[in-house]
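Please examine the structure shown below. The paragraphs that follow lead through an enclosed space, the salt bridges, and the contact between two chains.

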Amino acid sequence: MSNLISSMMSAAGALDAYTSVLDVTQNNVANASTPGYAKQTESLEAMPFDPAMGLTGGVLASQVESTRDDYAEQTVQQQTTLLGQAQQDVSSLSSLQSQFDVTGSSGIDNAFNNLFQAFSAWGQTPTSTVARQTVIQRATDVATAFQQSATGLATLAQDTNQQLLQTVSDINQISGQLAAYNQQIMGGDRNDAGLDARIHSTLEQLSQYAGITATKQADGTYSVLLNGQTALVIENRSYGLRAAPAPNDPTAPNPEGPSHQSILSSTGTDVTSTVSGGQLASLLNLANNVLPGYLGDQNQPGSLNTLALKFASHVNDLLTQGYQTDGSDGTSPVGGVALFTYDTNNNTNVAQSLQVSPTVSPDQLAAITLGPPEVSNGVALALSQLSNPTASADQIGGLSYTQYYGNMASNVGNLLNNANNQVQTQQSAVAQAQNLRQQISGVSLDEEATILIQFQRAYEASSKLITVLDQLTQDTINILPSS
Amino acid sequence: VSAAHAAERLVAARSDVKRACDLLVAASPEALDGCQDALQQAVSELIDFRSKRHEIRSDPSARSTACGLRAEVLRAARLLQSLSSFYHGWNKILGSMSAGYTANGDPAPVTRHGRLCCRG
């Protein structure tokens, strides 16, 4: 009788175990499209079988286990971080590109061309008041174009700083959310599959903003570090970051230039140099490297200011070395005056402050070079040659002024093009990492070994083929004519 | 053989590399085998194209197609690299789990002597 009851108990235990398995399966099906959810498995544990001792065997459901693999999760997060960076690059560089018009129909390029035409017309009629007035008007247009570009770039810099603040705020908000999830785990929800899914979905969201390292601790909570160094979340506490302008360096070449943006940890330590990847790294790169390349910072004048300074100072030099009158009427020759004024104390403010001198009048423009031989339109001719210069004094690093500006614009175009390609590639890399995560969930050691052997063999062959294709495609592009 | 026929080789090569990229995204060992075939096909198409390239010199769109092809090749290289990094990392984890660490602190190499891999 007791054996019969034992057998019935054993059968009931088995039914309980299979019910548990069905529950897990049902849970997996129901959460198939839940963000961050990882398949759960139910292990069945064999019970001892010894009829003599009244042990009837059977199975017992052991603990439900998640097939989540931390290594695969990290891979997805790393690729997501790179995608976030590339997407932010595209967004920022699109805004930057809109500041440059290379069609020649507006902006600095157009203003340069119009001024060079005015110089040329003045060279043909050096005593014409109309030609001189046109030169002043076109020079004013050039100054205005520089001011507008500098203002546009400065506004973009302000927007970037604002976005940095917002990004840091978002990171802090998500870190707080993760700390709250950790609190739930510490309160006993350690095996809650839904909570686990929410944590991983949130970690993926956070990885778009910055490179993070999330490590599962023995108590089931997740510790999150910014690039493996700066604590963001430990147990039920989050540690907020802060974005702030870096302090000015009085010993820098341009102490009055715009300062860099820095990221500070919760303890006030500057962790800017440790930030890599994600939207945060992209915005820092724009704020601290790309935009200062145009507008300058405490260590460099920036290409826009360099162009404005070289151009304005060279035009002024040519005009002040010339003469308004040659003294042939018995009076002393009258020298020329400078056409442009600009901030001479801060070389990161040249483009913004560039203007035509408010006191200059058409008759003060010096067209004459005394020589010998004296040339009545010598200065005007020298100015008109700035459109197509051959002398190094008329160039910046071997480039004409319009070529230099064209390079500034095309650099942005190239960066944007690369960023667009990077987004496309990175979207594939994220999908690949997600597929890998799906495939390796819960595989056995034997399966792992087999997959690795298969991969190694396929990788070597594909790698060689890609090397061949790389060379072939490059050669093909080189032999084809450009349209 | 017309210039259009030569240009088709470029388009086909690009399509092959794109297919290889899709397989690299799928990332299973079976897909990797298919990737190898697709890349091999692309190499053949390109070699075929190069033998007829004199016929295409006047076609300005060919360069644009070739640039597109190169972008796909670079994407495939990047995807293969990320796949390689993933498996190398995994191999290291497997090494440390199955045989511990070396005296230098590196994961122990995974030995697979005598292992037979059967696929049906």
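Which helix of chain A gives the most to the lining of the largest cavity? In this predicted model, the answer is helix 2 of chain A, with four residues. Helix 5 of chain A, spanning 193-209, is named beside helix 2 as supplying at least two residues of that lining. The residues concerned are D70(A), E73(A), Q74(A), Q77(A), H200(A), L203(A), A214(A) and Y222(A). By class, the lining comprises three nonpolar, three polar and two charged residues. The space enclosed by these residues amounts to about 40 Å³. A search of the whole structure for cavities of 30 Å³ or more returns one.

Helix 5 of chain A also takes part in a salt bridge, in which E204(A) of that helix is joined to R437(A) of helix 10 of chain A. The closest N and O atoms of R437(A) and E204(A) are 3.0 Å apart. This pair links distant parts of the chain, with the two positions 233 residues apart in numbering. Over all chains, the structure holds eight salt bridges.

Attention may now turn to the contact between the chains. How many salt bridges are counted between chain A and chain B? The count is one. The pair with R70(B) on one side and D470(A) on the other is a salt bridge whose closest N and O atoms lie 2.7 Å apart. Polar contacts across the interface of chain A and chain B, with both residues at pLDDT 80 or more, number 14 residue pairs.

On the side of chain A that touches chain B, helix 2 (70-97), helix 10 (401-440) and helix 11 (445-479) of chain A each supply at least two residues. Helix 11 of chain A gives the most to this side, with 28 residues. Sorted by class, the residues of this side are 26 nonpolar, 18 polar and five charged. Helix 2 of chain A thus appears in both settings, contributing to the lining of the largest cavity and to the side of chain A that touches chain B.

The extent of the contact remains to be described. The size of an interface is often given as the accessible area lost when the parts come together. Between chain A and chain B the buried area is about 5000 Å², and carbon and sulfur atoms give 70% of it. Within the area that chain A buries against chain B, Y71(A), Q432(A) and F455(A) supply 13%, more than any other three residues. In residues, the contact takes 49 from chain A and 55 from chain B.

Definitions and conventions:
Residues are numbered from 1 along each chain as its sequence is written. Chains are lettered from A and ligands numbered from 1 in the order in which they are written. This is a predicted model: local features need pLDDT of at least 70, side-chain atom pairs count only at pLDDT 80 or more; totals for chains, interfaces and linings use all residues. Side-chain values use heavy atoms; hydrogens and water are left out. Contact means heavy atoms within 4.5 Å. Buried area is the accessible area (1.4 Å probe) that two parts lose on being put together, summed over both. A salt bridge is a side-chain nitrogen of Lys or Arg within 4 Å of a carboxyl oxygen of Asp or Glu. A polar contact is a pair of N or O atoms within 3.5 Å; within protein, one must be able to donate a hydrogen and the other to accept it, and residues adjacent in sequence count only if both atoms are side-chain atoms. Ala, Val, Leu, Ile, Met, Phe, Trp, Tyr, Cys and Pro count as nonpolar, Asp, Glu, Lys and Arg as charged, and the others, Gly among them, as polar. On a 1 Å grid over the protein atoms alone, a cavity is a set of points where a 1.4 Å probe fits but cannot get out, and a pocket is an open set with protein on both sides within 12 Å along at least five of seven lines; lining residues have an atom within 4 Å of a point. Grid points are joined across faces, edges and corners, and a volume is the space filled by probe spheres set on the points.
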